[in-house]
Amino acid sequence: MYELYYAPGACSMAIHAIINEIGAPLKLHKIDIMAGEGQKPEFLKLNPRGQVPVLVDEGQVIREGAAMAIYLIDKHSSPLLPPLDNKGAGKERAEALEWLMFANATLHPAYARVFFLMKNSTDKAEMDKLFKVSLAMLNKLWAEVDAKLAQSPYITGKNISAGDFLLTVIAGWGAYFPAAPTIGSNVKRLLKEVSSRPAFKKALEAEQVEYKAAA
């Protein structure tokens, strides 16, 4: 049985939904980051960074979301990532991994910077100025996603992949901003599709999160 340490609605939800999609047994451990539970000694033993997600599988601890997604998908031979071909290569897999990493290493940090500003800024005028710049960057990134989705139902083609799950989770974070990023019609189509999947809905229910980004 997998053990997943999560915060409701955080990027850990993508891993939660992927495990549901795979159909593997799961034990959840809620970590209230805002209440400081991520800095408790017992959690820091699992992840010295004090962050979620953390996945434990038979004593092995994995601390990066993209690594968890790849590990789970490969272990269960899930179609959420295309497999390597018989030569150990694969263009479809490379594209799927690129978009997973885009969500994990480009889009996620762009949102994280806004959360940091909101938490630490004491000068409203300066905050408003920086937020405007940050929002413009988010809009640019989502425009890139929207253009890609104009070509296919999912981010890498006709089949859903891990990147679609993470993009859908991240899109929900705009509800916490003074003004939400601009989400194009193609992205909204994806958000509706992914958030309505039983595996995603099960994660939303378990984490008690109301998803609004697809509206």
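The following passage describes the sheet of this predicted model and the helices packed on it. Residues are numbered from 1 along each chain as its sequence is written. In this predicted model, local features need pLDDT of at least 70, side-chain atom pairs count only at pLDDT 80 or more, and totals for chains, interfaces and linings use all residues, while side-chain values use heavy atoms, leaving out hydrogens and water.

An open sheet of 4 strands is arranged in the order β2-β1-β3-β4 with mixed pairing; strands (E, at least two residues) and helices (H or I, at least four) are DSSP runs numbered from the N terminus, and two strands pair if DSSP finds at least two bridges between them. Because β2 (26–30) and β4 (60–62) each have a single partner strand, one side of each of these edge strands is left without a neighbour in the sheet. From one strand to the next, the twist averages 20 degrees, with axes fitted to C-alpha atoms (for helices, over the stretch in contact) and angles from 0 to 180 degrees between N-to-C directions.

Strand β1 (residues 2–6) runs parallel to β2, to which it is joined by 5 bridges. Leu4 of the chain lies opposite Leu28 in β2 and also opposite Leu55 in β3. The pairing of β1 with β3 is antiparallel and spans 3 bridges. Since 4 of the 5 residues of β1 are buried, this strand is largely enclosed by the rest of the structure (buried, under 20% relative accessible area; exposed, over 50%; partly exposed, in between; 1.4 Å probe, protein chains only).

Terms used
Contact = heavy atoms within 4.5 Å.
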